[in-house]
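Biologist: Please take a close look at the disulfides in this model. Walk me through them, then cover what else stands out.

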Amino acid sequence: MALIIFIAFSLVLHGALGELVCEKLPVELCSYSIASSSKRCLIENFATKDGKIAYQCKTSEVVVDILHEWIESDECISACGVDRNTVGISSDTLLQPQFLAKLCSNDCYQSCPNIVDLYFNLALGEGVFLPDLCTNPRRALSATGSSSYVAPGPAFFEVSPAAAPVPVDVVDPACAPTTAI
């Protein structure tokens, strides 16, 4: 039911706007959305005249090659463990075992190309290949020479073979992450 409402709202929003423009999106739909221009939307905060903090949706300079006019579904937000109210996105989340486990799960990795593409590119920016990070985070992080990473115990997290992501060269090209940031 939620998916039907989401699709209907997306069509109405797209039709009403003519094109998807980040600045015209409500903050509640901003993060993980992609404008008609193929640029990612992001939430920024600012101080109002009375000193309160307010939020607005803005267009970033990050271009996405595989999607445009995209508002991420609630199912993907939940499956990937991301927060739609996030102000800014950091590669630091890739060091959090609980987040990485959700991002690397089949429900996210195989079904949510927008979010996977974003974190794929964040990982590349840190010198890490996301599929390697998903299947063997210790080895992938040690290859970067990062001294800031400390593993929390004997196992970073458990990924069953069924939940491990398919290597990018096996993924349907329409869903494969891009490397452009």
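Modeller: A disulfide here is a pair of cysteine sulfur atoms within 2.5 Å. The model is predicted, and that cut-off is applied to its coordinates. By this rule the structure holds five disulfides. Count the bonded cysteines along the chain, and the pattern reads 1-3, 2-4, 5-9, 6-8, 7-10. Three of the links can be followed in detail.

Start with Cys30 and Cys57. Their sulfur atoms are 2.1 Å apart, which is within 2.5 Å, so the pair counts as a disulfide. The angle about the S-S bond is 80°, and the link is right-handed. Cys30 sits in helix α2, residues 27-30, while Cys57 belongs to strand β2, so a helix and a strand 27 residues apart in sequence are tied together. Both cysteines, Cys30 and Cys57, are buried.

Next come Cys80 and Cys108. Here the sulfur atoms lie 1.9 Å apart. The S-S torsion is about 100°, so this disulfide is right-handed. Distant parts of the chain are linked: Cys80 is in helix α3 and Cys108 in helix α5, residues 106-109, with the two positions 28 residues apart in sequence numbering. Cys80 has 0% relative accessibility and counts as buried. Cys108 is buried as well, with a relative accessible area of 0%. Under 20% is the limit for that label.

Then take Cys104 and Cys134. Their sulfur atoms are 1.9 Å apart. The torsion about this S-S bond is about -75°, so the disulfide is left-handed. Cys104 is in helix α4 and Cys134 in helix α7, residues 130-135, so the bond ties together parts 30 residues apart in sequence. Cys104 is buried at 1% relative accessibility. Cys134 is buried too, and its relative accessible area is 1%.

Now go back to helix α3, which carries Cys80. Ser73 lies in the loop between β2 (53-63) and α3 (74-80). Its relative accessibility is 12%, so Ser73 counts as buried. A polar atom of the Ser73 side chain lies 3.1 Å from the backbone nitrogen of Cys76.

On the other side of α3 in sequence is Val87, in the loop between α3 and α4 (97-104). Val87 has a relative accessible area of 38%, so this residue is partly exposed. Together with Ile53 and Tyr55, Val87 makes a nonpolar surface patch of about 290 Å². Membership in a patch asks for over 30% relative accessible area, and the 38% of Val87 meets that condition.

Aromatic pairs complete the view. The count comes to two, with ring centres required to lie within 6.5 Å. One of them joins Phe120 and Phe129: the ring centres are 5.6 Å apart and the planes meet at 75°, so the pair is edge-to-face. Planes over 60 degrees apart earn that name. The two partners carry separate burial labels. Phe120 is buried at 3% relative accessibility. Phe129 is partly exposed, with a relative accessible area of 34%.

To return to your request: the detailed links are Cys30 with Cys57, Cys80 with Cys108, and Cys104 with Cys134. The handedness is right for Cys30 and Cys57, right for Cys80 and Cys108, and left for Cys104 and Cys134.

Key:
Residues numbered from 1 in each chain as written. Predicted model: local features only at pLDDT ≥ 70, side-chain atom pairs only at ≥ 80, totals over all residues. Heavy atoms only, no water. Helix = DSSP H or I, 4+ residues; strand = E, 2+ residues; numbered from the N terminus. Buried < 20%, exposed > 50% of the residue type's maximum accessible area, 1.4 Å probe, protein only. Polar contact = N/O pair within 3.5 Å; in protein donor to acceptor, adjacent residues only side chain to side chain. Patch = residues over 30% accessible without salt bridge, like charges linked within 9 Å, V, L, I, M, F, W, Y side chains within 5 Å. Areas by Shrake-Rupley, 256 points an atom, 1.4 Å probe, with all protein chains shown as cover. Salt bridge = Lys/Arg side-chain N within 4 Å of Asp/Glu carboxyl O. Phe/Tyr/Trp six-rings, centres within 6.5 Å; stacked < 30°, edge-to-face > 60°.
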